[in-house]
Amino acid sequence: MPSYFCYSMLEPFFSNGIDQIEFYDVVYRDGKLTADFNTDANIVFIIDYFGVTSPETRKMINNCRTDNRIVILDTTQSVFCATDNIMRADYSFCSYRKWLFTNAAMSYAKSGFAIDYEEKLDTLYTDLRLLAADKKSNYINGKSDSKDYLELFQLADETLRDDYIGYTPRAHEIDILHNIDTESIANARRENASLIVSELSDTVRGCFQFALPNISDNDAPLFVPIIIDNETRRALRLFLIEKRIYCPIHWDITNYHASLTSKQINIYNCELSLICDQRYDIASINREISEIKKFFAGNFFRK
C-alpha cells in the first residue's frame, strides 16, 4: 500500500482479514510528490494522486506485471485523466463522490467478474447529503448565513464508517454518469489548476511549494496540492474559510496510520488542497488566488 492514503482505502482489507500490509513511501521530494516503490509484496495497491498522471505509475504497473504481481489501481483521483492504466491493472475501482454529486462508483477486473445484488438504498446517508447540499447552495448564494451544512456533510460521512457495504446508488445518480461531459470537466479543471500554478508561482518562493506543479493535457486535476508548514497551513486555511473558500486537507491521521514512519507521516501535516473544481469559473479561481496572495502579503503571515 502507498503510505499516503485515506483510512477508507485500508479498512476493507482489515475487515476481510488481510492485515499483513506493508507501506511503500509516498513523499514530497525534489519538487514533486514521489513514490519510492521497493517491495516484495505479491499484491500492490497504486494511486495516481490529485488527478495528475505520473510516468512512475505506468512504470510501477509494468514492473508488477513483469514480476507477476497483482495490481489494484485506485482511480478515484484520476478517473477523468486520459490514460490507459486502468486496462493494465488486474483490478481497478473509483468513487465519483469527489467529482460529482453522486454516490455511484465503478469497478473493473481484467478477468471479469459477476455481481449479484439487490437494490439497497442508504436513505439516511443520501437524505443527509441532499439536505446538506441544499443548505450549502443557500449559503453560497447568500440566501442563508448558516454554515450548518458543514456539520450535515460530516454527519453523513460518519454514517458510512461502520455501515457502508452493499448499498447501491439511486437510478438518477447512475444517469448523471451516463450524461456527463468528461472532456469538459477535464478541460475546466486543467484550466483552473494551470491558472492557480501560473498566478501563484511568485508567491511560492519561501512560502510553499506545489506538490504536482506539472499539469499535462492528459490530466484532470482533482485539486492543486501545495506543501506548506503545518502552522501556516492552519492559518491560511482559516483565513480562506473566512472568505468562504474551503480548501480541504488530505488526509486525516487515524489509527490506521499508526505504523507509518515519521518520514511517511510528514506529508499529512503539510499538504493543503487548493480547489480547482469545474463548477468554479475563472472569476472564482481568480478570487481564490487573490485571497491567497493577500494572506502572504499581509499581516496574516510571518516569514
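This briefing walks through one helix, a surface patch, several salt bridges and one long-range pair in the structure above. The model is a predicted one. A search of the whole structure turns up 15 salt bridges, and some of them are described below. Helix H5, which covers residues 148–161, is a good place to begin.

**Helix H5 and its buried face**

- Helix H5 is made of 14 residues, and its first and last C-alpha atoms are 21 Å apart, close to the 20 Å expected at 1.5 Å a residue.
- The buried residues in H5 are Tyr149, Leu152, Phe153, Ala156, Thr159 and Leu160.
- Viewed down the axis of H5, these buried residues fall within an arc of 115°, so they line one face of the helix.
- As background, an α-helix has 3.6 residues a turn, so residues three or four places apart point the same way.
- Helix H4 (123–140) is included in what covers the buried residues of H5.

**A nonpolar patch on the surface**

- Ile43, Ile70 and Tyr91 make up a nonpolar patch on the surface, and together they have about 270 Å² of accessible area.
- Isoleucine 43, one of the patch residues, sits in strand E3, which spans residues 43–47.
- Isoleucine 43 counts as partly exposed because its relative accessibility is 43%, and partly exposed residues lie between the 20% and 50% cut-offs.

**Salt bridge between aspartate 25 and lysine 263**

- Aspartate 25 and lysine 263 form a salt bridge in which the closest N and O atoms are 3.2 Å apart.
- This pair links distant parts of the chain, with aspartate 25 in strand E1 (residues 25–29) and lysine 263 in helix H10 (residues 262–265), 238 residues apart.
- Aspartate 25 has 16% relative accessibility and therefore counts as buried, since buried means under 20%.
- Its partner lysine 263 is partly exposed, with a relative accessible area of 46%.

**Salt bridge between aspartate 84 and arginine 58**

- Another salt bridge joins aspartate 84 to arginine 58, and here the closest N and O atoms are 2.4 Å apart.
- Aspartate 84 lies in the loop between strand E4 (70–74) and helix H3 (85–88), while arginine 58 is in helix H2 (residues 55–66), so the pair ties together parts that are 26 residues apart in sequence.
- Aspartate 84 is partly exposed, at a relative accessible area of 35%.
- Arginine 58 is also partly exposed, and its relative accessible area is 27%.

**Salt bridge between glutamate 199 and lysine 293**

- The side chains of glutamate 199 and lysine 293 meet in a salt bridge with an N to O distance of 3.7 Å.
- Glutamate 199 belongs to helix H7 (residues 182–199) and lysine 293 to helix H11 (residues 282–297), so this pair ties together parts that are 94 residues apart in sequence.
- Glutamate 199 is partly exposed, with 34% relative accessible area.
- Lysine 293 counts as partly exposed at 31% relative accessibility.

**A salt-bridge network**

- Arg29, Asp30 and Asp36 are linked to one another in a network of salt bridges.

**An exposed loop residue and a long-range pair**

- Asparagine 255 is found in the loop between helix H9 (230–242) and H10.
- Asparagine 255 has a relative accessible area of 74% and is therefore exposed, as the cut-off for that class is over 50%.
- In sequence, asparagine 255 and tyrosine 7 are 248 residues apart, yet in space they are 8.4 Å apart, C-alpha to C-alpha.

Terms used: Residues are numbered from 1 along each chain as its sequence is written. This is a predicted model: local features need pLDDT of at least 70, side-chain atom pairs count only at pLDDT 80 or more; totals for chains, interfaces and linings use all residues. Side-chain values use heavy atoms; hydrogens and water are left out. Helices (H or I, at least four residues) and strands (E, at least two) are DSSP runs, numbered from the N terminus. The expected span of a helix is 1.5 Å times one less than its number of residues. Buried means under 20% relative accessible area, exposed over 50%, partly exposed in between (1.4 Å probe, protein chains only). The arc is that of the directions from the helix axis to the C-beta atoms. Contact means heavy atoms within 4.5 Å. Patches are made of residues with over 30% relative accessible area and no salt bridge: like charges are joined within 9 Å, nonpolar side chains (Val, Leu, Ile, Met, Phe, Trp, Tyr) within 5 Å. Accessible areas come from the Shrake-Rupley method with a 1.4 Å probe; for residues, only the protein chains shown count as cover. A salt bridge is a side-chain nitrogen of Lys or Arg within 4 Å of a carboxyl oxygen of Asp or Glu.
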